[in-house]
Amino acid sequence: IVYGGKGEPETVNVDARTLERHIEKGAFLTTLLMLDVAGKKTRVIPRQLQLDPVSDRPVHVDFMRRIEGSTVRLEVPVHFKGQGESPGLKKGGVLNIVRHEILMECPADNIPEAIEGDLTGLEIHGTLHISSIQLPEGVRPLVREKDFTLASIVAPTSVIEEQRAAQDAASAA
């Protein structure tokens with residue numbers, strides 16, 4: 001179904017193999033597409049995808065019309081780089097991902113495939129906030145918190161248990 005914009009909702013048929021190829025590429029729900037229905041081209045963004053529970057093949061897709069210059073609200077995935085350059089992770093720290101996706105408002109023509117956070121230089125107990133991310137032009141987070149946390153590096157459980165045991169031994173002595 002294609003809905004939104006100034007037109008009425010309309011039912012369309014999409015080639016199953018072409019649709020499957022777009023879904024398999026990843027980031028399907030954040031990709032602007034051009035549908036050609038009976039010679040009439042319409043810019044759309046997929047809003048909902050229903051898969052068959054047995055075969056995992058697409059059964060139904062809702063598309064929303066997007067005119068040029070419009071904005072869209074959607075969940076953008078967060079990816080992390082620089083794990084090898086993080087002193088906290090090298091010392092055995094564990095990456096604690098607080099947000100896997102961020103609700104963003106984006107221009108329909110400039111939807112980021114993912115937001116990339118850099119862990120380079122983060123020590124144990126270090127945190128990565130949204131303010132340290134360079135967002136594409138026109139893209140803004142819709143999370144209410146001003147400078148929310150994306151990820152942190154925490155001490156591994158074994159280190160914490162060793163520290164507690166050492167404290168208990170010191171207090172017993």
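## The β2-β3 hairpin

β2 and β3 are joined by five bridges and pair in the antiparallel sense. This is a predicted model. One bridge in the pair links leucine 35 to threonine 42, its partner in β3. The two strands make a hairpin with two residues between them. Within that hairpin, alanine 38 has a positive phi near 55 degrees.

Strands in a sheet pair through backbone hydrogen bonds, and the pairing may be parallel or antiparallel.

## The β3-β4 hairpin

β3 also pairs with β4. This pairing is antiparallel too, and seven bridges hold the record of it. Isoleucine 45 has methionine 64 in β4 as its bridge partner. Valine 44 stands opposite arginine 65, again in β4. In a regular strand, side chains alternate between the two faces of the sheet.

β3 and β4 form a hairpin as well, with six residues between the strands. Aspartate 56 sits in this turn, in the loop between β3 (40-51) and β4 (58-65). Its phi is near 65 degrees, a positive value in a residue other than glycine. Is aspartate 56 buried or exposed? Its relative accessibility is 55%, and a residue counts as exposed over 50%, so aspartate 56 is exposed.

## The four-stranded sheet

Now put the hairpins together. Four strands form an open sheet in the order β1-β4-β3-β2. The pairing in this sheet is mixed. Which strands stand at the edges? They are β1 (2-3) and β2. Each has a single partner strand, so one side of each is left without a neighbour in the sheet.

A helix joins the picture. α1 lies across β2, β3 and β4. The helix runs at about 75 degrees to β4.

## The largest pocket

The largest pocket has a volume of about 220 Å³. Its lining is made of 14 residues. Which of them lie nearest the centre? They are Val14, Leu19, Val59, His60 and Val61.

Two elements, α1 and β4, give two or more residues to this lining. The largest share comes from β4, with five residues. By class, the lining has nine nonpolar residues, three polar and two charged.

## The largest cavity

The model has one cavity of 30 Å³ or more. The largest cavity has a volume of about 40 Å³. Which residues line the largest cavity? The list is Val2, Glu10, Val12, Leu35, Val37, Lys40 and Thr42.

The hairpin strands return here. β2 and β3 each supply at least two residues of the cavity lining. Leu35 and Thr42 are both in that lining, and leucine 35 and threonine 42 are also bridge partners. By class, the cavity lining divides into four nonpolar residues, one polar and two charged.

## The three-stranded sheet

Another open sheet has three strands, in the order β6-β11-β9. Its pairing is antiparallel. β6 (94-97) and β9 (127-129) stand at the edges. Each of these has a single partner strand, so one side of each is left without a neighbour in the sheet. Neighbouring strands here are turned by 15 degrees against each other on average, direction ignored.

How many bridges join β9 to β11? There are three, between strands that run antiparallel, with β11 covering residues 149-154. Leucine 128 has alanine 151 in β11 as its bridge partner.

## Two loop residues in contact

Two loops meet at glutamate 113 and alanine 27. Glutamate 113 is in the loop between β7 (101-107) and β8 (115-118). Alanine 27 lies in the loop between α1 (16-24) and β2 (33-37). Leaving aside neighbours within four places in sequence, glutamate 113 is in contact with Ala27, Val76 and Pro77. The C-alpha atoms of glutamate 113 and histidine 79 are separated by 10.0 Å. Along the chain, glutamate 113 and histidine 79 are 34 residues apart.

How do the two compare in accessibility? Glutamate 113 has a relative accessible area of 63% and is exposed. Alanine 27 is partly exposed, with a relative accessible area of 30%. The backbone of alanine 27 deserves a look: its phi is positive, about 55 degrees, although alanine 27 is not a glycine.

Technical notes
Residues are numbered from 1 along each chain as its sequence is written. This is a predicted model: local features need pLDDT of at least 70, side-chain atom pairs count only at pLDDT 80 or more; totals for chains, interfaces and linings use all residues. Side-chain values use heavy atoms; hydrogens and water are left out. Two strands pair if DSSP finds at least two bridges between them. Axes are lines fitted to C-alpha atoms, for helices over the stretch in contact, and angles run from 0 to 180 degrees between N-to-C directions. Buried means under 20% relative accessible area, exposed over 50%, partly exposed in between (1.4 Å probe, protein chains only). Contact means heavy atoms within 4.5 Å. On a 1 Å grid over the protein atoms alone, a cavity is a set of points where a 1.4 Å probe fits but cannot get out, and a pocket is an open set with protein on both sides within 12 Å along at least five of seven lines; lining residues have an atom within 4 Å of a point. Grid points are joined across faces, edges and corners, and a volume is the space filled by probe spheres set on the points. Ala, Val, Leu, Ile, Met, Phe, Trp, Tyr, Cys and Pro count as nonpolar, Asp, Glu, Lys and Arg as charged, and the others, Gly among them, as polar.
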